[in-house]
Amino acid sequence: MAENGHEKNIIKRKKKGKKRKRKAAQSSRNRRLFVLFVFIVFMFTVVAARLGYIQIVKADKYRARAVSLQTRETTVTSSRGSIYDINSKALAINQSGYAVWAAPDEIAAAEKKDPGFTDDMTSALTGIFTDLTKDEIKEKLTSDKKSVQMAKYIDDSTEKKLSKLIKKGTVKGLQISATSRRYYPVGEFASHVIGITNDNNVGVFGIEQYYDQYLNGRSGKIVRSTDASGRSITSGIEKYYPETEGLNVVLTIDEVIQHYVENAIKQVQANTNADRVMAIAMNPKTGAVLAMADYPDFNLNEPRVPISESEKTKLAAMTSDEKVKYWSGTMWRNPMVSDTYEPGSPFKLITTSMALEEGLTSVGDHFVCPGTVYISGQPLRCWRYYAPHGGETLAQGVANSCNPVFIALSQRLGKDKFYTYLDRYGFDTTTGIDLPGETSAIIQKKDDIGKVVLATMSYGQGIAVTPIQLITAFTSIGNDGKMMKPRMVDRLVNDNGKTVVKYSPEVIRQVVSKSTADDVCRMMEGVVRTGTGKTAYIPGYRIGGKTGTAQKVVNGRYTDFTYSSFFAMAPMDDPQFAVLFIVDSPKGVHGGAATAGPGVHQIMSDCLKYLNITPVYTNGEEADATAKTTVPDVTGMSYSKAKSTLKDIELDSIACPSDTENFRVAEQYPKAGAELSPGDSVCLYAE
């Protein structure tokens, strides 16, 4: 019995052990299941969070990425606005053509189907894109980009050749879209004013840069659905986002007057061998710039090619960085707004007006020219120190351009009043003309100058101004003492010819009284009639002006080179036309009357007739008037024949455009039948 009980206990213990093992195993499985469950819940949470992050936080990014993979965008370039002269003559237009884009994905797909296709396509395109090497073409075709521009501009004939290759299947993955590039019908004309655009159709300098935001419209685009290879899906979406066309800019520049001015500065440069010749013509009543020219200039259609052979050679030897500096800092720089110079004697008109306005002198006031004046022990000479003018009135002093007269006026004014008028005439700031790169005058601080500097400033030395500042100040005298803001643009118009923005004449301030302005105008007329400016005299026209010659400052030192200049205005009883003519470093004769005078005479002779300002002859002037010549009809002739025909009757001719003489005359100004004086010019226009 005892043994049986023992065996039963052993069996019970074994059963209990097995139960414990089963429970332990079950517990272990439960723990594993729980851990697995927790892991699964954790992973699900992570995945859900990631999906939420992608779908909510990054939704825009991935939506855009999906769209980019399923669609292709083609840019539709907007048309840049044109630039016209005041009479709507086209000066800058768009030349229609085509841009070419490649889709490397499509080309890669064609390569998979037909190994060697890319090489064959590259060879075929070498005759199309002649400005690219074979390696450059292949690099574009095999780019990892979605779309690559092959050419920014091709003409009609090139587009036809390319379209034939596409139609034959010789090339694939190319898209041709209409575009345009900038073209300047007049070529070498108003180059520093109009400016150019870069390859992206953005203005680089001149009007093209200053009015770029108006000229350059907003580009549009076409969005098309594509397959995995980038090919368009016929049944897919296609959206067109229209472009906004640029506005057209109408300048205050008059093409005829610009041609007259450019012809005059070229003749003066040829006669004087000057480094540079420049001129600005302006309407004193409105501040409108009628012409602005600088020579040497360049052809706007080849803006990186100097017209001078010596400059071409110099440029060819430059590094890339040096070329960029040369183009932007020398060749394209507009010295009439960006450079300063010491004006010399023309500035005496400003000093005269100061003293008259302050009641410190009068037209008949008497002065004495001793030849040399000593200021603080420093000798300051009259240009005719060797034969002093002696006793003279203020009017005679202006006509004689006598330095001692203006030294005396500066002493009466004192530096406080002198500087007050410098500010009133705008020499303390820029004029605000609508051209880029305008700089301001260089004037010593009032507290730093003494009697000597004040004396020299009175006759235009020791002060440096920009040409646009000077003519703006001068023309205020011809506008009853009211200074006008100079402007290059008259209005902005759309393609329908509707004016969108109109720029009206703007009075800056009343600088001097009408009485003072009238007195100065009368004295200016005396300069041309009896004084140093007689080279600008034209019978029948009341022309006033002031000549000047000033030493040129280079690297802070006066040199033997000069700026010779002449400011003139007419008719002096009601000024409507003014011109500032500057000759930089003439060789030989230096005087403003001898160098700039003939140019001013020619401009006045041509432009006053063009502006229909009728000559009024005084007693004795009728006899001085030259005989008249009737202008013949030369339209339809070659330029060379027309030029010869005009020369036979002592008339000059001006080619418009001026960069070529190989054309047939389509239009002329003045028209046939007009009466001109020998030596006057006729503008001959190409078709």
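## A helix and its expected length

The expected span of a helix is 1.5 Å times one less than its number of residues. Keep that rule in mind for helix H21 (residues 597-610) in this predicted model. With 14 residues, helix H21 should span 20 Å, and its end C-alpha atoms are indeed 20 Å apart, so the two values agree.

How covered is H21? Twelve of its 14 residues are buried, which leaves the helix mostly covered. Among them are Gly597, Val600, Ile603, Met604, Leu608 and Tyr610, along with Asp606 and Lys609. After H21 comes asparagine 612, with a positive phi near 60°.

## The chain as a whole

Now let's step back to the full protein chain. Its secondary structure comprises 23 helices and 26 strands. The chain has 687 residues, and 48% of them count as buried.

Which residues account for 72% of the contacts with a separation of 6 or more? Those 24 or more positions apart do. On the outside, the protein chain exposes about 33,400 Å², with carbon and sulfur atoms supplying 51% of that area.

## A nonpolar patch on the surface

One surface feature to look for is a nonpolar patch formed by Leu33, Leu36, Phe39, Ile40, Phe42, Met43 and Val46. Together, these residues have about 670 Å² of accessible area.

Take methionine 43 from this patch as an example. You will find methionine 43 in helix H1, which covers residues 2-57. Is methionine 43 buried or partly exposed? Its relative accessible area is 35%, between the 20% and 50% cut-offs, so methionine 43 counts as partly exposed.

Definitions and conventions
Residues are numbered from 1 along each chain as its sequence is written. This is a predicted model: local features need pLDDT of at least 70, side-chain atom pairs count only at pLDDT 80 or more; totals for chains, interfaces and linings use all residues. Side-chain values use heavy atoms; hydrogens and water are left out. Helices (H or I, at least four residues) and strands (E, at least two) are DSSP runs, numbered from the N terminus. Buried means under 20% relative accessible area, exposed over 50%, partly exposed in between (1.4 Å probe, protein chains only). Contact means heavy atoms within 4.5 Å. Accessible areas come from the Shrake-Rupley method with a 1.4 Å probe; for residues, only the protein chains shown count as cover. Patches are made of residues with over 30% relative accessible area and no salt bridge: like charges are joined within 9 Å, nonpolar side chains (Val, Leu, Ile, Met, Phe, Trp, Tyr) within 5 Å. A salt bridge is a side-chain nitrogen of Lys or Arg within 4 Å of a carboxyl oxygen of Asp or Glu.
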